[in-house]
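Biologist: I'd like to learn how to read a fold like this one. Can we go through a few features together?

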Amino acid sequence: MILRFPGTRGEIEESNQYHRYHSSLVVQSKKANILIDFGTKHNPALEDEINYFNALLITHAHPDHYIWTKKEMAIGIPVFLTKDTLAYSKRSPKNVKIIEEGIKFKIMDLDIIAYKVIHSLRCPAVCYKVMGSKSIVYAPDLIDTEEDKAKVFKDIDVLIADGSSLYTNMVRRKDGKIFGHTRVKTIINWCKKYSIPKLIVTHCGKQIVSMEKEKLAGKILEYSQEAVDVEIAVDGLCRKI
Ligand SMILES: [Zn+2]
Ligand SMILES: [Zn+2]
């Protein structure tokens, strides 16, 4: 299985050569080639290849993940999303496939399940578990999963998750409900607890984008204690797993 990161930037003002484009992930298996998320500031190289993917999967309707929240985009491939994501915008992709959380679906040789995550009050979000020769979870925006993490993260080889914050608190509260982002520090602890050998951090926020590289590496080492292989994704990163 090949993982490719056309973009790794969250919904922030800051950007640099490593984190220029909104986060998205390409998963390539023997038979399938899928893209997850396609935001307003997507990597322009994606526009030439978008109709060659077998499918586009959307995590939620925030514009850094779903361009249709802000503008029309004519593409022919099937776009998999939840009812909530589709309902959020008056615009929609042409070829829509509605998915239900917790129900497995197939794209060529990949089995995929969307799980609800806690992230936004207005744009309910999911993460995707993609199972082929290896298993991964892609969760670019989350405070936590709604279902038991022992189930969502069961037998995964790589977790790809939210880099919005390294250690600052980005959890907000409204009417007794929480929204926002968890911390990389917490995600590393999930990896330890649920025996996930590798974490790739994407959807990078202000802290990661502006921090000096050596200081960032030091922080990651402090949190992981080398018990988890942690990598900060940069635009264009490609990994065979
Ligand atoms: Zn986002
Ligand atoms: Zn979001």
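Biologist: Which residue of strand 3 stands opposite L25?

Modeller: In this predicted model, L25 faces I36 in strand 3. The two strands involved are strand 2 (residues 24-28) and strand 3 (residues 33-36); they run antiparallel, joined by four bridges.

Biologist: And in what order do the strands of the open sheet come?

Modeller: The order is 6-5-4-3-2-1-17, seven strands with mixed pairing. At the edges you'll find strand 6 (96-98) and strand 17 (237-240), each pairing on one side only. Going from one strand to the next, the twist averages 20 degrees.

Biologist: Okay, helices next. Why do the buried residues of helix 4 line one face?

Modeller: Start with the general idea: an α-helix has 3.6 residues a turn, so residues three or four places apart point the same way. Now the case here: helix 4 (residues 184-193) has V184, I187, I188 and C191 as its buried residues. Looking down the helix axis, they fall within an arc of 100 degrees, so they line one face.

Biologist: What do those buried residues of helix 4 pack against?

Modeller: Their partners are strand 12 (158-162), strand 15 (198-202), helix 6 (213-224) and strand 16 (229-232). Then, just after helix 4, look at S195: its phi is positive, about 55 degrees.

Biologist: Which residues touch the most other members of the largest nonpolar core?

Modeller: In general, nonpolar side chains tend to be buried together in soluble globular proteins. The largest core here has 68 residues, and Y128, V137, Y138, L159 and L199 touch the most other members. Take V137: leaving out residues up to four places away in sequence, its contacts include Y128, F153 and L159.

Methods: Residues are numbered from 1 along each chain as its sequence is written. Chains are lettered from A and ligands numbered from 1 in the order in which they are written. This is a predicted model: local features need pLDDT of at least 70, side-chain atom pairs count only at pLDDT 80 or more; totals for chains, interfaces and linings use all residues. A nonpolar core is a set of buried Ala, Val, Leu, Ile, Met, Phe, Trp, Tyr and Cys residues joined through C-beta atoms within 7 Å. A residue is buried if 20 or more other C-beta atoms lie within 10 Å of its own, exposed if 12 or fewer, and partly exposed in between; C-beta atoms are placed from the backbone. Two residues are in contact if their C-beta atoms, placed from the backbone, lie within 7 Å. The arc is that of the directions from the helix axis to the C-beta atoms. Two strands pair if DSSP finds at least two bridges between them. Axes are lines fitted to C-alpha atoms, for helices over the stretch in contact, and angles run from 0 to 180 degrees between N-to-C directions.
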